[in-house]
Each structure stands twice: as C-alpha cells, then as structure tokens.
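This briefing sets out the main features of the structure shown below. The points are grouped by topic, from local electrostatics to overall architecture.

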Amino acid sequence: MESDIPVVAVCGATAGLARIGVLNDRYHTSSVAAYLGGQPGYEGQSYYRNSRAVSDGGLVTAGPQSPVQFATQTLRVLGLASDSILQAYESVFCNGDTSAYAAL
C-alpha cells in the first residue's frame, strides 16, 4: 500500500491483511465482521462495511459470496475497464441481464 501498488483480497485473504494492520485505517469488507474481529492486530472495526465489495484507494476487499463485485472493483482500481463496461459486466454476471451483453 505504501508503494501505491493495488492490493486486493477476497475471503480468507482479508484475515492476512487484518493481522498486519492494513485494514485498520481503510474501508473494507470480508465474509463477516466477526471473522476479522478475531484476528490479532485488527483494529479496523469502524472501517468495516457490510457490502459485497469495498474499494478504498488501492485496496479492494470482498467476501467469498461476491466474485463479480470483487472482479468489478479490481478492474476499476487497475483502470482496465470503463465504468460503462463494468456496469454491463455486473448486469450480465450478477443480475442475468442478457441485454447488457451488447455493451461488453
């Protein structure tokens, strides 16, 4: 994080970030708040968000139930797709909206 290199973590990987203090001052999510609360070194409870995926600067976190949202946020942070493409991506793969294929 100090080198401005994006860091992404999903599911159990968020515990590793919690243990080394990365989540103590950045908005984040995980499987459930209690999962991170049990990690030694974690003091970021006030930054926890009960969301599918959370992006804060170069940090992206998500729980195991949110692969589409995790991918969308990661692609956004890396600058690999426009907002309209990412919106279409979520529409297709999260909402089953086949009309959004045209935008992809």
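In this predicted model, a search of the whole structure finds two salt bridges. The chain that carries them contains four helices and three strands, and their order along the sequence is β-α-α-β-β-α-α. The points below take up the salt bridges, the sheet, the core, the helices and the surface in turn.

**Salt bridges**

- One of the pairs links Arg26 to Asp25, with 3.1 Å between the closest N and O atoms.
- Both partners of this pair are partly exposed: Arg26 has a relative accessible area of 22%, and Asp25 has a value of 47%.
- Arg26 falls in the partly exposed class because its 22% lies above the burial cut-off of 20%.
- Asp83 and Arg76 form a salt bridge as well, and here the closest N and O atoms are 3.2 Å apart.
- Arg76 is partly exposed, at 33% relative accessible area.
- Asp83 falls within helix α4, which covers residues 83–93.

**Strand pairing**

- Strand β3 (residues 59–62) pairs with strand β2 (residues 53–56) in the antiparallel sense, over four bridges.
- Strand β3 is also joined by four bridges to strand β1 (residues 7–10), and these two strands run parallel.
- Within the pairing of β2 and β3, Asp56 has Leu59 as its bridge partner.
- On the β1 side, Val10 stands opposite Ala62 of β3.
- Two residues separate the strands in the hairpin of β2 and β3, and Gly57 there adopts a positive phi near 65°.
- Strand β3 is covered on both faces: Leu59 and Thr61 are buried on one side, and Val60 and Ala62 are buried on the other.

**Nonpolar core**

- The largest nonpolar core comprises nine residues: Ala9, Leu17, Ala18, Val22, Leu23, Leu36, Tyr42, Tyr48 and Leu59.
- Leu59 thus belongs to this core and also contributes to one buried face of β3.
- Beyond its neighbours within four places in sequence, Leu17 is in contact with Val7, Ala9, Val22, Leu23 and Leu59.
- Among these contacts of Leu17 are Ala9, Val22, Leu23 and Leu59, which are themselves members of the core.

**Helix α3**

- Helix α3 spans residues 67–78 and includes Val77; Gln73 is placed in this helix too.
- Gln73 is buried, with a relative accessible area of 17%, because that value is under the 20% cut-off.
- Outside the four places on either side in sequence, Gln73 is in contact with Ala53, Ser55 and Val60.
- Val77 counts as partly exposed, with 25% relative accessibility.
- With sequence neighbours within four places set aside, the contacts of Val77 are Pro6, Ser55, Gly57, Gly58 and Val60.
- Ser55 and Val60 therefore appear in the contacts of Gln73 as well as in those of Val77, under the 4.5 Å heavy-atom criterion.
- Gly57, a contact of Val77, is the residue of the β2 and β3 hairpin with the positive phi.
- Val77 and Val7 lie 70 residues apart in sequence, whereas their C-alpha atoms are 9.5 Å apart in space.

**Helix α4 and the following segment**

- In helix α4, the buried residues are Leu86, Ala88, Ser91 and Val92.
- These buried residues of α4 pack against α3.
- Phe93, Tyr101 and Leu104 make a nonpolar surface patch of about 320 Å².
- Tyr101 is located in the segment after α4 and is partly exposed, with a relative accessible area of 46%.

**Overall dimensions and surface**

- The C-alpha trace spans about 45 × 30 × 20 Å along its principal axes.
- The chain has 104 residues, of which 33% count as buried.
- Of the contacts between residues at least 6 apart in sequence, 34% join residues at least 24 apart.
- The accessible surface of the chain amounts to about 5,700 Å², and carbon and sulfur atoms account for 52% of this area.

Notes. Residues are numbered from 1 along each chain as its sequence is written. This is a predicted model: local features need pLDDT of at least 70, side-chain atom pairs count only at pLDDT 80 or more; totals for chains, interfaces and linings use all residues. Side-chain values use heavy atoms; hydrogens and water are left out. Buried means under 20% relative accessible area, exposed over 50%, partly exposed in between (1.4 Å probe, protein chains only). Two strands pair if DSSP finds at least two bridges between them. A salt bridge is a side-chain nitrogen of Lys or Arg within 4 Å of a carboxyl oxygen of Asp or Glu. A nonpolar core is a set of buried Ala, Val, Leu, Ile, Met, Phe, Trp, Tyr and Cys residues joined through side-chain atoms within 4.5 Å. Patches are made of residues with over 30% relative accessible area and no salt bridge: like charges are joined within 9 Å, nonpolar side chains (Val, Leu, Ile, Met, Phe, Trp, Tyr) within 5 Å. Accessible areas come from the Shrake-Rupley method with a 1.4 Å probe; for residues, only the protein chains shown count as cover.
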